[in-house]
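Q: I have a structure open in front of me and I'm not sure how to read it. Could you walk me through a few features?

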Amino acid sequence: MYTWRRISITKRITLFAGVLAVLLSALLTVTVMTAFHRYATDSLQDELTAAGGRLISLVERGEAFRPLVQRHDRVVQVVDARGAVVAASPSLQGKPVMAAFPMDGRKLSTSVVCGGAFPADECDLVVAQQAHPDGEAWIVYVASPVIPFWVTPWLAATVVGAAAVVAAAVTLLAHRISTNSLRPVTRIQSELDRMNDVTLDRRVPVPCSKDEIHDLAVTVNRTLSRLQAAMAQQRHFTSDASHELRTPIAAIQAEVEDALHAPEETTVPGLGTKVLNSVERLRAIVDDLLIIARLEAGRFVEREPVDLSELVAAECRRRQGTSAKTVEYSLERDVTVLGDRTELSRLLVKLIDNADRYAESKVTVRACRVPATKQESESFPDGVAVVDVIDDGPGIDASHRELVFQRFARLDTARDRDAGGTGLGLAIARQVAAVHGGTLHVTDAPRGAHFVLRLPALPHDHTV
């Protein structure tokens, strides 16, 4: 089996087609030769019957007859009612009766006889017919050597030769078809071999045929497009991450260098306070990067029923005593989803953090359960758990609403610089929503930004 797998597909198809063609040609040859043999044997029997009939008419009329037939390979015997041979072909003179099978009242009987009156290595087809001269029952035997299976050498050679030509033609055709069919695959392979991470803009050739290879080429090109986009995003992300990490590192370096150049003007608490702020920002960026890596790997601690209203209430109550903004919330009961409590809590914290950062005075959070629309029925079979987070800040232009979910995205608006944010919060929030089978988007609002989280709700009979 391992050796078979090492053979190319073209060779496998050709070999399989060749073996199958040989077997079918052999079967066809046997079938055709059997049909010819049967036809020739039936024709021979008819000839022997006709020859015997002519001889019987002479015997019954009492006319002089000679037990001869028109062909040299035909022999006859005339046996009277007492079983004595009264006439025979020259080659059977003095020989016993060629066949001893009883007529059993039949006028015609046929059998194959080997040996006896015939040479030891010869089998003959014998046709026996009754004659009735003067009311007696005589038997006229007419025989001829049986026809071999190949009938005649030229017929066998013709049939075998035709079968061999057909088998060879089928094998050659299979090789040609497989070679032509797989030629686009070879071109696709060659193009892929020439690609690297620098030349991902290249695409494999798409054959004109509407077959599986055409679909494969289209799929490969789509995959390459996604890979190119992912690589571009990765490069962009790496560049942005490097820039974001460089900022607090540069700040730390500057503070330390100032302290070294003017130690008399620097105190340890003062230097520690300045450096600690940059270290905290650096830690926050690294923590968010680790969160993104974990989310992309799909690693969750557990999945359990989680009441979103409970999480929202806890986070809003915590902020009411610490945030300078007013945090209002309106919650329904039984807004339950299946997910990781820690990750869902992180999602809500990121959304409310973003709203609190850009709100002028108030943040509003709502949690409710609504029926799924017709288009959402497959993704949300038991309804939708919805969380709305609204701020009264400058808002987000409709053309930039998807941009805010990109990593380290910056807008040319009042929301362009966040106060202490890492630029990864909304990207993390959307990724958590996607992993839980939900969506996160920005919708229209009279004032400020309105973020809408939609997650698959659990049936009402589930409890937290």
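**Reading the model, feature by feature**

A: Sure, let's start with one residue: valine 275 sits in helix H5, which covers residues 268-297. Keep in mind that this is a predicted model.

Q: Is valine 275 buried or exposed?
A: The idea is to look at relative accessible area, where under 20% means buried. Valine 275 has 17% relative accessibility, so it counts as buried. You can also look for a partner in space: its C-alpha is separated by 8.8 Å from that of glutamine 253, and the two residues are 22 apart along the chain.

Q: What about a residue in a loop? Where is serine 323?
A: Serine 323 is in the loop between helix H6 (308-320) and strand S7 (326-331). Its relative accessible area is 17%, so serine 323 is buried. Try the same partner trick: serine 323 and aspartate 356 are 33 residues apart along the chain, with 7.8 Å between their C-alpha atoms.

Q: How do I describe two helices that pack together?
A: In general, you give the angle between the axes and the distance between them. Here, take H6 and helix H7 (residues 341-358): their axes come within 10 Å and cross at roughly 45°. That angle makes H6 and H7 oblique to each other, because it falls in none of the parallel, antiparallel or perpendicular ranges. The crossing of H6 and H7 is right-handed.

Q: At what angle do H2 and H3 cross?
A: Roughly 155°, with the axes of helix H2 (residues 9-61) and helix H3 (residues 153-193) coming within 8 Å. Angles over 145 degrees count as roughly antiparallel, and H2 and H3 are therefore roughly antiparallel to each other. Their crossing is right-handed. Sort the residues in the contact of H2 with H3 by class and you get 18 nonpolar, nine polar and no charged ones.

Q: Can we zoom in on one residue of H3?
A: Let's pick alanine 169, which lies in helix H3. With 43% relative accessibility, alanine 169 counts as partly exposed, because that value lies between the 20% and 50% cut-offs. Alanine 169 and glycine 18 are 151 residues apart in sequence, yet 9.1 Å apart in space, C-alpha to C-alpha.

Q: How many residues of H8 are buried?
A: For a whole helix, you go through its residues and ask the burial question for each. In helix H8 (residues 425-435), eight of the 11 residues are buried, so H8 is largely enclosed by the rest of the structure. Among them are Gly425, Leu426, Ala427 and Gln431. After H8 comes glycine 437, which has a positive phi, near 80°.

Q: And aromatic rings: which residues form an aromatic pair?
A: For rings, check how far apart the centres are and how the planes are tilted. The count here is one aromatic pair. Phenylalanine 405 and phenylalanine 451 are the partners, with 6.0 Å centre to centre and 80° between the planes, which is edge-to-face. This pair links distant parts of the chain, 46 residues apart: phenylalanine 405 is in the loop between strand S10 (384-391) and H8, while phenylalanine 451 is in strand S12 (residues 450-456). Both phenylalanine 405 and phenylalanine 451 are buried.

Q: What sits over the ring of phenylalanine 405?
A: The charged end of arginine 430 does, 3.9 Å from the centre of that ring.

Notes. Residues numbered from 1 in each chain as written. Predicted model: local features only at pLDDT ≥ 70, side-chain atom pairs only at ≥ 80, totals over all residues. Heavy atoms only, no water. Axes fitted to C-alpha atoms, helices over the stretch in contact; angles between N-to-C directions. Helix = DSSP H or I, 4+ residues; strand = E, 2+ residues; numbered from the N terminus. Parallel < 35°, antiparallel > 145°, perpendicular 65-115°, else oblique. Left-handed = near helix turned anticlockwise from the far one by under 90°. Nonpolar A, V, L, I, M, F, W, Y, C, P; charged D, E, K, R; others polar. Buried < 20%, exposed > 50% of the residue type's maximum accessible area, 1.4 Å probe, protein only. Phe/Tyr/Trp six-rings, centres within 6.5 Å; stacked < 30°, edge-to-face > 60°. Lys NZ or Arg CZ within 6 Å of the ring centre and 35° of its normal.
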